[in-house]
Amino acid sequence: MSKKRIRLLALTLAVFLAVSFSGCIKMPGGNDLIINNPPSDNIVTDIAVTGAACGTPTPGATTIVTIAPTDLPTVALTDAPTVTLTDEPTVAPTDAPTATPTKAPAATPTDVPTATPTKAPTATPTKAPTATPTKAPTATPTKAPTATPTKAPTATPTKAPTATPTKAPTKAPTATPTKAPTATPTQAPTATPTQAPTATPTQAPTPTPTPEKWPEPVYKTGYKGLTGKSYTEYEYLSSDRDLFEIDHILWEVTNKNMSTLEKVKAVHDWLVLNIRYDTAYEIYDIAPMLAQRRAVCDGYSKFYVVALGELGIDCRRITGTGKGESHAWNAVKMDDGKWYYVDNTWDDPLVNGHSNYPDGYNLMYEYFLVTQSRISEDHTSDGRTTVSPNGTSLDYHYEAIELRYAELREQLLQKISDENIKYAHVVSTQSELDSLESALIQDIRTEAASGGKSIELTVYLKYGLADASELINSLLSDLVKEGANAFKTGVSANASWSAMGTGGGVRDVVTYYTITITISGS
């Protein structure tokens with residue numbers, strides 16, 4: 001080491017020791033260098049230049065200059081911002097705000113809010129505000145505004161959180177609800193109600209079509225029937241006039257909408273209700289039968305063949321004996337392709353001990369569309385006319401009976417209306433029978449409320465549904481008690497019943513009991 005360098009080192013050491021022990025340095029020109037504070041972690045040193053002696057500053061003459069030392073600030077700025085930038089956006093404003101604005105709405109509000117909501121109002125706002133600061137709450141906009149401010153404001157500058165939550169959430173929620181509610185309610189309510197009410201009412205009126213009548217027959221020489229046949233094509237006709245008269249009857253009692261069963265029944269009913277059995281045994285053919293409205297079994301059976309033939313239904317006349325006497329009846333081919341038997345004569349109430357029914361509610365179906373086994377119980381064919389195959393079911397038979405009961409019900413309801421029968425009930429079903437007593441009691445209370453002291457109750461009871469006499473006995477005691485309570489007086493009761501078609505022990509009688517109950521106050 002040279003002497004020159006040794007002197008410089010010694011001088012430096014002396015200065016250092018002098019400063020250490022005295023705390024100040026005597027500057028040239030009479031000024032003292034005062035070091036107020038040693039360098040600290042804040043990397044700032046204050047230097048005061050005064051005109052007084054060391055340790056005695058002059059008031060009002062102090063000038064403070066802040067100098068950032070070259071060594072420390074340089075190292076701190078280079079390392080701190082660079083290292084911290086990656087993890088915490090606070091220390092690296094240069095990279096975070098500048099580079100991020102493109103991706104986050106913080107620095108570039110113009111691009112994000114405007115372009116993003118247009119394409120995807122729901123997905124874009126969710127990812128933009130959330131993904132940049134945290135990377136976690138990407139998909140959920142609801143959680144993002146809450147979670148982001150908590151973590152970010154601590155380290156992030158004031159500008160980043162301010163731009164992000166304010167602009168992004170404001171536009172995103174606005175765009176999403178606007179489209180969803182508007183489109184959905186408009187289409188749903190409009191389509192559904194329009195189709196439902198239209199289909200239902202259309203099907204309801206269908207079951208009751210207007211009957212399509214046959215063309216009304218007009219007689220002229222050489223008359224052709226409903227099927228285009230002349231009278232010569234029927235074995236049992238003697239003139240075109242007879243064919244015309246039969247067609248005119250069919251025009252009145254049938255129509256094109258009827259089923260085969262309804263047509264077969266309609267002709268049966270007309271014969272029973274309009275032709276009397278000829279007890280003088282004089283009329284056997286159609287012409288005199290139509291003229292006098294009476295005939296023996298031959299007239300019934302021949303008429304049936306021609307009438308059903310005009311309706312396009314195959315019908316045959318069977319001859320033989322009935323209960324040992326010469327007799328004629330019919331076989332009819334039904335829709336199932338099988339043959340069933342009809343004896344219109346014996347279904348007429350004036351034959352073989354059957355009761356005489358005066359009011360028309362007298363149709364029987366004991367021998368209507370029955371099987372060969374049932375007709376054979378009292379009918380024996382002579383074998384001149386055979387049919388095959390024979391039906392073995394009584395379905396058509398019982399269906400016809402129910403059709404007749406429905407007709408009778410309508411007739412009785414019309415009678416109640418026409419004759420103004422005040423307290424009357426038509427009982428055709430079990431449910432109507434079960435509620436009959438309560439209905440009659442209500443009638444008594446209604447009459448009593450109007451000031452009446454007596455009442456006549458009328459019940460039309462379907463034959464076979466219940467025994468009329470037993471029904472009266474079961475009802476009467478309760479009705480008398482109700483009458484006494486309602487009329488506030490002692491009462492007497494009177495009851496009677498009658499029915500058409502119950503004589504002779506016949507089967508399948510179609511009629512109603514007529515029950516009359518009178519309750520009078522004493």
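The expected span of a helix is 1.5 Å times one less than its number of residues, a rule that is applied below to two helices of this predicted model.

**Figure 1. Helix α11 and its surroundings in the predicted model.**
For the 14 residues of α11 (297-310), the rise of 1.5 Å a residue leads to an expected span of 20 Å, and because the end C-alpha atoms of α11 are 20 Å apart, the two values agree. Burial was assigned to 14 of the 14 residues of α11, so this helix is largely enclosed by the rest of the structure. Just after α11 comes Gly312, which takes a positive phi of about 80°.

**Figure 2. Val305 and its contacts.**
Val305 belongs to helix α11, and it counts as buried because its relative accessibility is 14%, where buried means under 20%. Leaving aside neighbours within four places in sequence, the residues in contact with Val305 are Tyr236, Cys315, Arg316, Arg317 and Asn330. The C-alpha atoms of Val305 and Ala331 lie 9.1 Å apart in space, although 26 residues separate the two in sequence.

**Figure 3. The largest nonpolar core and a second one apart from it.**
The largest nonpolar core has 54 residues, of which Phe303, Tyr304, Val332 and Leu369 touch the most other members. At least two residues of this core come from each of α8, α9, α10 (286-292), α11, β9 (339-342), α13 (395-418) and β11 (424-427). Another core, of 25 residues, lies apart from the largest one, and among its members are Leu440, Ala468, Ile472 and Ile515. A closer look at Val332, with neighbours within four places in sequence left aside, shows it in contact with Val264, Tyr304, Leu308, Ile313, Asp314, Cys315, Lys338, Trp339, Tyr340, Val342 and Leu369.

**Figure 4. Helix α8 and the residues that it buries.**
For α8 (240-253), the 14 residues should span 20 Å at 1.5 Å a residue, and the end C-alpha atoms of α8 are indeed 20 Å apart, which agrees. The buried residues in α8 are Asp240, Asp242, Leu243, Phe244, Ile246, Asp247, Ile249 and Leu250, and what covers the buried residues of this helix includes α9, α10 and α11.

**Figure 5. The second largest cavity.**
The count of cavities of 30 Å³ or more comes to two, and the second largest of them has a volume of about 30 Å³. Its lining is made up of Ile249, Leu250, Val253, Val267, Trp270, Phe303 and Ala307, and by class these are seven nonpolar residues, with no polar and no charged residues. Helices α8, α9 (260-274) and α11 each supply at least two residues of this lining, and α8 gives the most, with three residues.

**Figure 6. Trp214 in a loop before α8.**
Trp214 is placed in the loop between α7 (159-203) and α8, and it counts as buried because its relative accessible area is 15%. Beyond its neighbours within four places in sequence, Trp214 is in contact with Leu226, Leu250, Trp251, Thr254, Asn255, Lys256, Lys263 and Leu311. One of these partners, Asn255, is 41 residues from Trp214 along the chain, yet the C-alpha atoms of the two are separated by 6.0 Å.

**Figure 7. Backbone details in three loops.**
Most residues other than glycine have a negative phi, and most peptide bonds are trans. In the loop between α10 and β6 (294-295) stands Arg293, whose phi is near 60°, a positive value in a residue other than glycine; with a relative accessible area of 34%, Arg293 is partly exposed. Asn420, found in the loop between α13 and β11, also has a positive phi, near 55°, and it counts as exposed because its relative accessibility is 66%. A cis peptide bond, with omega about 0°, joins Ser388 and Pro389, and Pro389 is found in the loop between β10 (379-381) and α13.

**Figure 8. The setting of these views in the whole protein.**
The secondary structure of the protein comes to 16 helices and 14 strands, and 36% of its 522 residues count as buried. Among the contacts in the protein with a separation of 6 or more, 59% are between residues 24 or more positions apart.

Key. Residues are numbered from 1 along each chain as its sequence is written. This is a predicted model: local features need pLDDT of at least 70, side-chain atom pairs count only at pLDDT 80 or more; totals for chains, interfaces and linings use all residues. Side-chain values use heavy atoms; hydrogens and water are left out. Helices (H or I, at least four residues) and strands (E, at least two) are DSSP runs, numbered from the N terminus. Buried means under 20% relative accessible area, exposed over 50%, partly exposed in between (1.4 Å probe, protein chains only). Contact means heavy atoms within 4.5 Å. On a 1 Å grid over the protein atoms alone, a cavity is a set of points where a 1.4 Å probe fits but cannot get out, and a pocket is an open set with protein on both sides within 12 Å along at least five of seven lines; lining residues have an atom within 4 Å of a point. Grid points are joined across faces, edges and corners, and a volume is the space filled by probe spheres set on the points. Ala, Val, Leu, Ile, Met, Phe, Trp, Tyr, Cys and Pro count as nonpolar, Asp, Glu, Lys and Arg as charged, and the others, Gly among them, as polar. A nonpolar core is a set of buried Ala, Val, Leu, Ile, Met, Phe, Trp, Tyr and Cys residues joined through side-chain atoms within 4.5 Å.
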